[in-house]
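Q: Please take a close look at one part of this model. Start from a single contact, then work outward to the surroundings.

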Amino acid sequence: MSKITLLFSLCCLLFFGEKERQQLDDAKNLKSKTLIQPPYLKPGDTVAIVAPSGILKNRQKEVQQAVELLKSWGLHAVVGDHVFSQDNHFAGTDAQRCEDFQKAMDDPKVSAIWCARGGYGTVRILDKLDYTKFRKHPKWLIGYSDITALHNQFNNEGFESIHALMCTSLTDDLNDISESVETFRKAIFGEPLQYNLKGSQYNRIGKVSAPLVGGNLTMLHTMLGSKTSIDTSEKILFIEEIGEYKYHIDRMLQSLKRAGYFDNCKGLLVGDMSKLRKNTTLWGSSVEQLILDALSDYDFPICFNMPAGHEKDNRAMILGRTIEMNVSKEQSSVIFQK
């Protein structure tokens with residue numbers, strides 16, 4: 001064998017050996033990014049009801065209704081010591097709200113943590129939480145709106161969570177929110193979740209499969225630049241909002257865009273944009289067109305009409321779980337992997 005042939009052979013071995021090592025490393029990294037799925041609930045399990053955000057003034061009825069709903073499914077409920085505490089805007093002091101939430105995280109007998117309401121306040125306890133015992137006994141976090149801050153943190157800590165209704169979402173007649181309640185039940189008991197969504201002329205068509213992350217747009221914007229900001233790379237992002245001006249929504253999207261939030265995003269799933277406020281200077285287009293315009297630099301699929309957010313029809317979604325999103329103008333589907 002000539003020196004040239006030998007040298008060429010060595011180079012090939014080095015090249016393909018390095019390529020094989022890189023493939024193994026990539027597979028290892030992919031596996032390490034797979035989130036932990038807490039055990040699904042079964043009859044006899046316990047759900048802790050806590051209030052990490054706003055005050056629950058005169059909301060005892062809804063919390064008791066939540067306890068009865070869980071009981072009807074064969075589950076036990078424990079209500080945090082400070083759920084009905086009051087500290088100005090909040091359901092107790094930061095220390096009290098943190099104490100209830102930490103106790104629920106640490107208790108191995110608790111299988112899920114159901115937030116009583118959102119509002120504002122979760123961000124004030126994020127950095128006080130300790131996940132040491134939680135990692136030994138993972139459990140489901142359930143909530144939406146302000147609870148997005150906790151969903152982000154749970155995701156960054158490596159755990160799936162459930163975006164779904166809260167105790168104060170319950171109505172006198174649960175038939176009014178039967179779909180929300182049923183999908184909530186399916187999510188916590190591990191039954192299949194699949195949604196067929198009505199079409200939209202604004203949909204950007206395409207089919208994509210990737211983990212789902214996100215939540216309330218204001219909270220995602222609030223987390224930006226902090227260690228609790230969510231990683232959207234190779235993910236499908238879900239957003240919903242309530243009570244904002246259109247220009248506020250555009251401003252938040254532009255901020256996220258400038259921070260690279262959408263650079264490697266695989267898709268966008270848009271939930272309810274509820275009770276939008278009217279500015280004296282009208283925006284001039286629909287909120288759907290606003291979103292399309294803000295994200296015109298990207299070519300990933302965009303799906304509107306996901307019934308999730310601040311409306312009565314608030315379907316459960318497992319954040320961190322891979323979904324298949326098939327988007328067309330006529331109809332779209334969102335299928336959660338088992």
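A: Start at asparagine 314. A polar atom of its side chain lies 3.0 Å from the backbone nitrogen of glycine 309. The model is predicted, and each distance here is computed from it.

Where does asparagine 314 sit? Its place is the loop between E10 and strand E11 (317–319). Is asparagine 314 buried or exposed? Its relative accessible area is 2%; buried means under 20%, so asparagine 314 is buried. Its neighbours come from several parts of the chain. Leaving out residues up to four places away in sequence, asparagine 314 touches Tyr144, His163, Ala164, Leu165, Ser180, Thr183, Pro307, Ala308 and Gly309.

One of these contacts leads on to valine 181. Leu165 touches asparagine 314, and Leu165 is also among the residues that valine 181 touches. The others in that list are Leu69 and Trp73, again not counting residues up to four places away in sequence. Valine 181 belongs to helix H6 (residues 178–189). With a relative accessible area of 9%, under the 20% limit, valine 181 is therefore buried too. Its C-alpha atom is 11 Å from that of alanine 66, although 115 residues separate the two along the chain.

Now go back to the loop and follow E10 into the sheet. Seven strands make up this open, mixed sheet, in the order E6-E13-E12-E7-E8-E9-E10. Strand E6 (194–198) and strand E10 (302–303) are the edges, each pairing on one side only. Helix H9 packs on the sheet and touches E8, E9 and E10. The directions of H9 and E9 make an angle of about 150°.

At the E6 end, E6 and E13 run antiparallel, joined by five bridges. Asparagine 196 stands opposite serine 333 in E13. E13 (residues 331–336) also pairs with E12 (residues 322–327), in the antiparallel sense, over four bridges. A hairpin of three residues joins E12 to E13. Which residues in E13 are the bridge partners of isoleucine 323 and glutamate 324? Isoleucine 323 has phenylalanine 336, and glutamate 324 has isoleucine 335.

Return to H9. Its buried residues are Val287, Leu290, Ile291, Leu292 and Ala294. They pack against E8, H8, E9 and E10.

H8 comes next. It has 13 residues (246–258), so at 1.5 Å a residue it should span 18 Å; its end C-alpha atoms are 18 Å apart, which agrees. His248, Ile249, Asp250, Met252, Leu253, Leu256 and Lys257 are the buried residues of H8. What covers them? The cover includes helix H7 (217–223), strand E8 (236–242), strand E9 (267–274) and helix H9 (287–294). After H8 comes glycine 260, with a positive phi near 85°.

Last, the nonpolar cores. In soluble globular proteins, nonpolar side chains tend to be buried together. The largest core here has 75 residues, and Phe101, Trp114 and Leu269 touch the most other members. A second, separate core has 26 residues, including Val270, Leu292, Tyr298 and Ile302. Leu292 is a buried residue of H9, so that helix has a residue in the second core.

Note on methods
Residues are numbered from 1 along each chain as its sequence is written. This is a predicted model: local features need pLDDT of at least 70, side-chain atom pairs count only at pLDDT 80 or more; totals for chains, interfaces and linings use all residues. Side-chain values use heavy atoms; hydrogens and water are left out. Helices (H or I, at least four residues) and strands (E, at least two) are DSSP runs, numbered from the N terminus. The expected span of a helix is 1.5 Å times one less than its number of residues. Buried means under 20% relative accessible area, exposed over 50%, partly exposed in between (1.4 Å probe, protein chains only). Contact means heavy atoms within 4.5 Å. Two strands pair if DSSP finds at least two bridges between them. Axes are lines fitted to C-alpha atoms, for helices over the stretch in contact, and angles run from 0 to 180 degrees between N-to-C directions. A nonpolar core is a set of buried Ala, Val, Leu, Ile, Met, Phe, Trp, Tyr and Cys residues joined through side-chain atoms within 4.5 Å. A polar contact is a pair of N or O atoms within 3.5 Å; within protein, one must be able to donate a hydrogen and the other to accept it, and residues adjacent in sequence count only if both atoms are side-chain atoms.
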